[in-house]
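Here's a friendly walk through a structure you may not have met before. Take a look at it, and then we'll go through its parts together.

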Amino acid sequence: MRSLLLRWLASLLLVVGAAHALKFDLIAHSGSENQKKERCIRNFVGQETLVVVTATVDGYKGDGMVINMHVRDALGNEYGKPRDIVGESRVTFQSHADAAFDVCFENILAGSRRPNPASRHIELDIDIGADAKDWSAIQATEKLKPVEAELRRIEELTEEIVSEMEYLRHREQKLRDTNESTNTRVKWFGVTTTWILIGLWAWQIMYLRAYFRSKHLI
């Protein structure tokens, strides 16, 4: 019963992992600056997290199109720039910081040949953390049983979820502190502005009374 439950859970996790694969068609362009177009897929990753980006591109070299891929994060770190991709291409990296990263594709017309249709089909799969590890190799290296390897994988997935929840809790606390600090500053700014206006009002009354007295109007 336990083995059956573990197999069912493993199958469910496999289906969920497969649901992250994206399929789309990328239209080619001339490559000029005013027509330069990239299609980017964004994802968020924590610091020091293993990421494997696998792109499968149809077509063949010399068909009049060149697919370039660029993997970078929002902080300016670059993790890979494969050029002229055909078939399966993989970029593996360890993230440098807690940041969003982009996987961008560009389809450029090359040579005098003009293909019809001028597009390439791309299948993209992004594995992060425990999903990015080669569990078959780990199982063979450490001589683990299939159930033990799956338990290790589930354990690491659980640890990642706990870590992500802790990160979100820390972000929420930081945002709350920032909100409270902003509210305090706004409150004191309002109080200061009010006292300045009261002081200006009192000064204007005193100035006008002194002016009218000097003119013997009161």
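What follows is a tour of the strands, a disulfide and a helix.

Keep in mind that this is a predicted model. Let's begin with the nonpolar cores. The largest one has 21 residues, and Phe101, Val103 and Phe105 make the most contacts inside it. Quite a few strands chip in: β1 (22-27), β2, β3 (50-57), β4 (65-73), β6 (87-94), β7 and β8 (119-128) each supply at least two residues. The largest share, four residues, comes from β3. To get a feel for this core, click on Phe105. Leaving out residues up to four places away in sequence, Phe105 touches Phe24, Leu26, Ala55, Ile67, Met69, Ile122 and Leu124, among others. Charged residues are on its contact list too, including Lys37, Glu38 and Arg39.

There's also a second, separate core of five residues, including Trp135, Ile138, Leu144 and Leu157. We'll come back to Leu157 in a moment.

Now for the disulfide: the structure holds one. Its partners are Cys40 and Cys104, with sulfur atoms 2.0 Å apart. What does this link tie together? Cys40 sits in strand β2 (residues 39-45) and Cys104 in strand β7 (residues 99-109), so the bond joins parts that are 64 residues apart in sequence. The link is right-handed, with 110 degrees about the S-S bond. Are its two ends buried or exposed? Cys104 is buried, at a relative accessible area of 1%, while Cys40 counts as partly exposed because its value is 38%, between the 20% and 50% cut-offs.

Next, follow the chain into helix α3, which covers residues 146-214. That's 69 residues, reaching 101 Å from the first C-alpha to the last, close to the 102 Å expected at 1.5 Å a residue. Which of its residues are buried? Ala149, Glu150, Arg153, Ile154, Glu156 and Leu157 are. A bit of helix geometry is handy here: an α-helix has 3.6 residues a turn, so residues three or four places apart point the same way.

Glu156 is worth a stop. Its relative accessible area is 18%, so Glu156 counts as buried, the cut-off being under 20%. Beyond its neighbours within four places in sequence, Glu156 contacts Ala130, Lys133 and Trp135. Trp135 also belongs to that second core, as does Leu157.

Further along, an unreviewed UniProt entry lists residues 188-208 as a "transmembrane region". In the model this stretch is 100% helix and 0% strand, and its end C-alpha atoms are 30 Å apart. Just after α3, His216 takes a positive phi of about 60 degrees.

Technical notes:
Residues numbered from 1 in each chain as written. Predicted model: local features only at pLDDT ≥ 70, side-chain atom pairs only at ≥ 80, totals over all residues. Heavy atoms only, no water. Buried < 20%, exposed > 50% of the residue type's maximum accessible area, 1.4 Å probe, protein only. Contact = heavy atoms within 4.5 Å. Disulfide = S-S within 2.5 Å. UniProt positions renumbered as here; feature names shortened; annotations may be inferred. Expected span 1.5 Å × (residues − 1). Core = buried A, V, L, I, M, F, W, Y, C linked by side-chain atoms within 4.5 Å.
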